[in-house]
Amino acid sequence: NIGKNIGFLAASASRAAIHQSLTKTEGKTSNLGDVTAKAGSQAIVASLLGTGIGILLSQTFCSDYGTSGILAGFVVLSAVHQVCTYKAIKAVPLKTLDRHRLHIVLDSYMNANLDRIVGKGEGLNKQEESWNPPLTPTEVAEKESFLPLMPPDKSVKWLSVGASLVDICPSGVNELEGLMIENKDGNNAEYERYIIKVLPSSASSDAGAIQLTFFEGANDDDLLQGMFHAYAAHECMNRDDTFVGDTSNIVNHSYSVTKSQMPQFKEQLGMKGWQTETGFVNVECGSSCRLKIQEIQE
């Protein structure tokens, strides 16, 4: 019963996101309630059928093979259940962006536009049609991985999101000031709501070759831009020999690419069906840290 209730809570939480991805929104109204009702009806019918079939199977195995037959039937049916659940989840194109789905989108996008990403200013101002668009939710669903106890993708080896201040700035405040990125858009100079640190390949640790940490108050746009910046920096670091060892140039060049392309990239995401509004982008895990800068008055 304990295991069953834990599974029920986990399924309820994920089921809400699946129902949300299947809804159709017109203006401020959506058919989420209708989708939830239909899904509940299907679940009840499937449960009743499964109970009836289970009774028949248990009678057969009990009479012929006893306890060993019941255990064998349970193992086989559980395996079939897991496979069917895995297939069902892959068939649902979730429209929200978590770290794994965003990795698939950005990794494909960077590879498709590699010449423009690593080019020394070449192609940064080209028109939108010159950039290959990102993948759709349906295309990403086909590539998603849900295998437990295994890293979903290779980004965990080189990208750390939400590193603590001690890890990302061991030298103290001066190093933090050097990592802050000035955003000169508009009349007033402000700073981006994230910091990014590129580690030399010889000094890279298990945390990865790039550390990305967001400031308190960073919104979904900041999360998207920070991840785009990190992936662009990773491409420059690994695909162009001119950037080898020059971490400052990697950060600056990839930031220029990011600022140039982010408006078009976000627009393309919306056109492809992705939800990028507040609350639909999540790239941090439970142990991720956020930084807060507070002015101390003497």
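## Ser-288 and its surroundings

Ser-288 is found in the loop that runs between strand 8 (281–282) and strand 9 (290–291), and the description of its contacts, like everything that follows, rests on a predicted model. The side chain of Ser-288 reaches the backbone nitrogen of Cys-285 at 3.0 Å, and a polar atom of that side chain also lies 3.1 Å from the backbone oxygen of Val-161. When residues up to four places away in sequence are not counted, Ser-288 touches Val-161 and Gly-162.

## The chain as a whole

The chain contains 10 helices and 9 strands, and buried residues make up 36% of its 298 residues. Among contacts between residues at least 6 apart in sequence, 71% join residues that are at least 24 apart.

## Helix 9

Helix 9 has 20 residues, and the distance from its first C-alpha to its last is 28 Å, close to the 28 Å expected at 1.5 Å a residue. Of these 20 residues 17 are buried, so helix 9 is largely enclosed by the rest of the structure. The N-terminal end of helix 9 is capped by Asn-219, a side-chain oxygen of which lies 3.1 Å from the backbone nitrogen of Asp-221.

## Nonpolar cores

The largest nonpolar core comprises 45 residues, of which Leu-159, Ile-196, Ile-210 and Met-227 touch the most other members. The elements that give two or more residues to this core are helix 4 (99–112), helix 5 (114–118), strand 4, strand 6 (190–198), strand 7 (210–215), helix 9 and helix 10. Helix 9 gives the most to this core, with 10 residues.

Ile-196 can be followed outward through its contacts: leaving aside neighbours within four places in sequence, Ile-196 is in contact with Leu-179, Ile-181, Ile-210, Gln-211, Leu-212, His-229, Ala-230, Ala-233 and Val-251. Apart from the largest core lies another core, of 9 residues, among them Ile-168, Leu-179, Met-180 and Ile-195.

## Aromatic pairs

The structure holds 6 aromatic pairs. In one of these, the rings of Trp-158 and Tyr-231 have their centres 4.9 Å apart and their planes at 80 degrees, and because an angle over 60 degrees counts as edge-to-face, the pair is described as edge-to-face. Trp-158 lies in the loop between helix 6 (137–143) and strand 4 (159–161), whereas Tyr-231 belongs to helix 9 (residues 220–239), so the pair ties together parts that are 73 residues apart in sequence. Trp-158 and Tyr-231 are both buried.

A further edge-to-face pair is formed by Phe-228 and Phe-265, with 5.1 Å from centre to centre and 65 degrees between the planes. This pair also links distant parts of the chain, with Phe-228 in helix 9 and Phe-265 in helix 10 (residues 247–271), 37 residues apart. Phe-228 and Phe-265 are both buried.

## An aromatic cluster and a charge over a ring

Phe-228 and Phe-265 belong, together with Tyr-109 and Trp-131, to one aromatic cluster. Within this cluster, Trp-131 has Arg-116 lying over the face of its ring, at 5.9 Å from the ring centre.

Note on methods:
Residues numbered from 1 in each chain as written. Predicted model: local features only at pLDDT ≥ 70, side-chain atom pairs only at ≥ 80, totals over all residues. Heavy atoms only, no water. Phe/Tyr/Trp six-rings, centres within 6.5 Å; stacked < 30°, edge-to-face > 60°. Helix = DSSP H or I, 4+ residues; strand = E, 2+ residues; numbered from the N terminus. Buried < 20%, exposed > 50% of the residue type's maximum accessible area, 1.4 Å probe, protein only. Lys NZ or Arg CZ within 6 Å of the ring centre and 35° of its normal. Core = buried A, V, L, I, M, F, W, Y, C linked by side-chain atoms within 4.5 Å. Contact = heavy atoms within 4.5 Å. Polar contact = N/O pair within 3.5 Å; in protein donor to acceptor, adjacent residues only side chain to side chain. Expected span 1.5 Å × (residues − 1).
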